[in-house]
Each structure stands twice: as structure tokens, then as C-alpha cells.
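Welcome, and please get your viewer ready for a short walk from residue to residue. At each stop you will read what to select and what to look for there.

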Amino acid sequence: MPEPNKIRRVFFACWPDPRTRAAIIERRRLIDGLSPRRVPDHNLHLTLLFLGNQPGERLPDLLAAADRLSAPGFDLHLDRFGWFPGARVAWLGGPAPEAAQTLVEQLSDLGRALALRFEQRRFHPHVTLFRRVAARPDVPPPPPLTWPVREFALIESIPSRPYQVLRTWPLTV
Ligand code: 2AM
């Protein structure tokens, strides 16, 4: 039986197609050994908007609102490795295309329209590759990768389990 009142930890993300996932893994290999906390292959993703803990009974509204959203696809150019000192994560990332930024704004408008509580951070397109990385990696840039983003997804994070894709939505061409 589903538990409607359970707290669910969710976020909107770009979920890589198989070719893009393989290309991200290849680039992760270039900085292998940065920390023992490598993000598993099946969890690699790029967060658009982190909603965090939400009451389970709000999920149907969230899914229905995202069903009504219309936004164009975009290409993400991932051309650099980076590191966030606070989160101590090493990542593969790149600049934010305007269409990606607009999608993030549409998603946060949607969350606000549903009166969900979440903390909005500035959008820095990145795929986390390693966690618990003590210092900025001193590595040459990776071969650039173009990720054709043609859909987005709502993902659930459940402790000790692979991320669950709850639903995906196409972006327009
Ligand atoms: P990270 O990869 O930079 O750690 C699932 O936890 C996803 O949501 C991860 O991609 C993570 O980003 C992101 N995330 C976790 N907590 C967050 C927060 N408070 N604000 C923004 N993004 C967050």
C-alpha cells in the first residue's frame, strides 16, 4: 500500500541517455581516485531544481503540474571539471544555456504555485562525479561533451537505493 503522508525527497533533473551516460563515465575515469565516494554509474544526473523533502500527498499535484509544462529542449556543453568547497563534490559541468535557465525558472514557479517549501539555489549545471573531495582537483579540462537534453525527470532519492525516476516529460524540439 502506498503511504500518502510519507515524506519524499525529490528533485527535477536531466537524466542522461545511454550515450551521454557512457561519455560522462569516460570523463569521470580521467579523474578517478579523487575520493572513495564515486557516484555510481546509475545515479549520474544533472539537477535542475532540488525540492528536497516534500509531503507525499503533494506528489500527484506536482506531477500533474509538470504534465502541463511546455519548454524547448537544449544542448548542454559540459567542458570543465570543478569542485564546490561547501559540498566538497567534484563535478563535470558547463555554462547554462538560456533554455535550461528558463526551464529551471518554470519548475520553480510550478513549485511556488503549489506552495511547496524549498530552497532555491543558483543554477550551476553540473554532474556530481565524486563526493567527499577535500580540495579542488588540479586536472586538465575534459574533452568537451554535448548532451542533447530532450526530456527532464522527477527523481526520488531514497537512502541506500538507486535514484528512482518517478516520471519523465519530453521537451519540445
Ligand atoms: P550535488 O550533486 O551538487 O550534490 C540529489 O541529492 C541531487 O540534488 C544532487 O544532484 C545534489 O546536488 C542536489 N542537491 C542536494 N541538496 C541540495 C540542495 N540543498 N540544494 C540544491 N541541490 C541539492
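The tour below goes stop by stop through this predicted model.

**Stop 1: the ligand**

Select the ligand, then show the side chains around it. Which residues surround the ligand? They are F11, H45, T47, F50, R121, H126, T128, R131 and Y163.

Now look for polar atoms that face each other. Start with H45: an N or O atom in the side chain of H45 is 2.7 Å from an oxygen atom of the ligand. Move on to R121, where a polar side-chain atom lies 3.1 Å from a nitrogen atom of the ligand. Then pick R131, which has a polar side-chain atom 2.9 Å from an oxygen atom of the ligand. How much of the ligand does the protein bury? Taken alone, the ligand exposes 470 Å², and the protein buries 79% of that.

**Stop 2: rings beside the ligand**

Keep F11 and Y163 on screen, since both are among the residues that surround the ligand. A search of the whole structure finds 6 aromatic pairs. One of them is F11 with Y163, an edge-to-face pair with 5.3 Å from centre to centre and 80° between the planes. Try turning the view until you see one ring from its edge.

Next, trace the chain from one ring to the other. F11 is in strand 1 (residues 7-14), while Y163 is in the loop between strand 9 (151-156) and strand 10 (164-170). The two residues are 152 residues apart, so the pair links distant parts of the chain. Are F11 and Y163 buried or exposed? Both are buried. Add F50 to your selection as well: ring pairs link F11, F50 and Y163 into a cluster.

**Stop 3: two more ring neighbours**

Select F84 and W91. Their ring centres are 5.2 Å apart and their planes are at 45°, so the pair is tilted. A tilted pair has planes that are neither under 30 degrees nor over 60 degrees apart. Now compare how each residue is covered. F84 has 23% relative accessibility and counts as partly exposed, whereas W91, at 13%, counts as buried.

For another kind of ring neighbour, go to W15. Here R21 lies over the face of the ring, at 5.1 Å from the ring centre.

**Stop 4: S35**

Select S35, in the loop between helix 1 (18-29) and strand 2 (37-38). This serine is buried, with a relative accessible area of 8%. What does the side chain of S35 have close to its polar atom? The backbone nitrogen of R37 lies 2.9 Å from a polar atom of that side chain, and the backbone oxygen of R131 lies 2.6 Å from a polar atom of the S35 side chain. You met R131 at the ligand, where its side chain has a polar contact of 2.9 Å. Not counting residues up to four places away in sequence, S35 touches F130, R131, R132 and V133.

**Stop 5: L34**

Step back to L34, in the loop between helix 1 and strand 2. L34 has 27% relative accessibility and counts as partly exposed. Leaving aside neighbours within four places in sequence, L34 is in contact with A90, F130, V133 and P137. Now draw a line from the C-alpha atom of L34 to that of A66: the two are 32 residues apart along the chain and separated by 37 Å.

**Stop 6: R27**

Select R27 in helix 1. Is this arginine buried or exposed? At 8% relative accessibility, R27 counts as buried. Follow the side chain of R27 to the backbone oxygen of P143, which it reaches at 2.7 Å. The backbone oxygen of A23 lies 2.8 Å from a polar atom of the R27 side chain. Leaving aside neighbours within four places in sequence, R27 is in contact with F81, L92, P142, P143, P144 and L145.

**Stop 7: two positive phi angles**

Most residues other than glycine have a negative phi. Select A115, where phi is near 60°, a positive value. A115 is in the loop between helix 3 (98-113) and strand 7 (126-131), and at 61% relative accessibility it counts as exposed.

Finish at R132, which has a phi near 55°, also a positive value in a residue other than glycine. R132 lies in the loop between strand 7 and strand 8 (145-149). At 54% relative accessibility, R132 counts as exposed.

Definitions and conventions:
Residues numbered from 1 in each chain as written. Predicted model: local features only at pLDDT ≥ 70, side-chain atom pairs only at ≥ 80, totals over all residues. Heavy atoms only, no water. Phe/Tyr/Trp six-rings, centres within 6.5 Å; stacked < 30°, edge-to-face > 60°. Helix = DSSP H or I, 4+ residues; strand = E, 2+ residues; numbered from the N terminus. Buried < 20%, exposed > 50% of the residue type's maximum accessible area, 1.4 Å probe, protein only. Lys NZ or Arg CZ within 6 Å of the ring centre and 35° of its normal. Near = heavy atom within 4 Å. Polar contact = N/O pair within 3.5 Å; in protein donor to acceptor, adjacent residues only side chain to side chain. Areas by Shrake-Rupley, 256 points an atom, 1.4 Å probe, with all protein chains shown as cover. Contact = heavy atoms within 4.5 Å.
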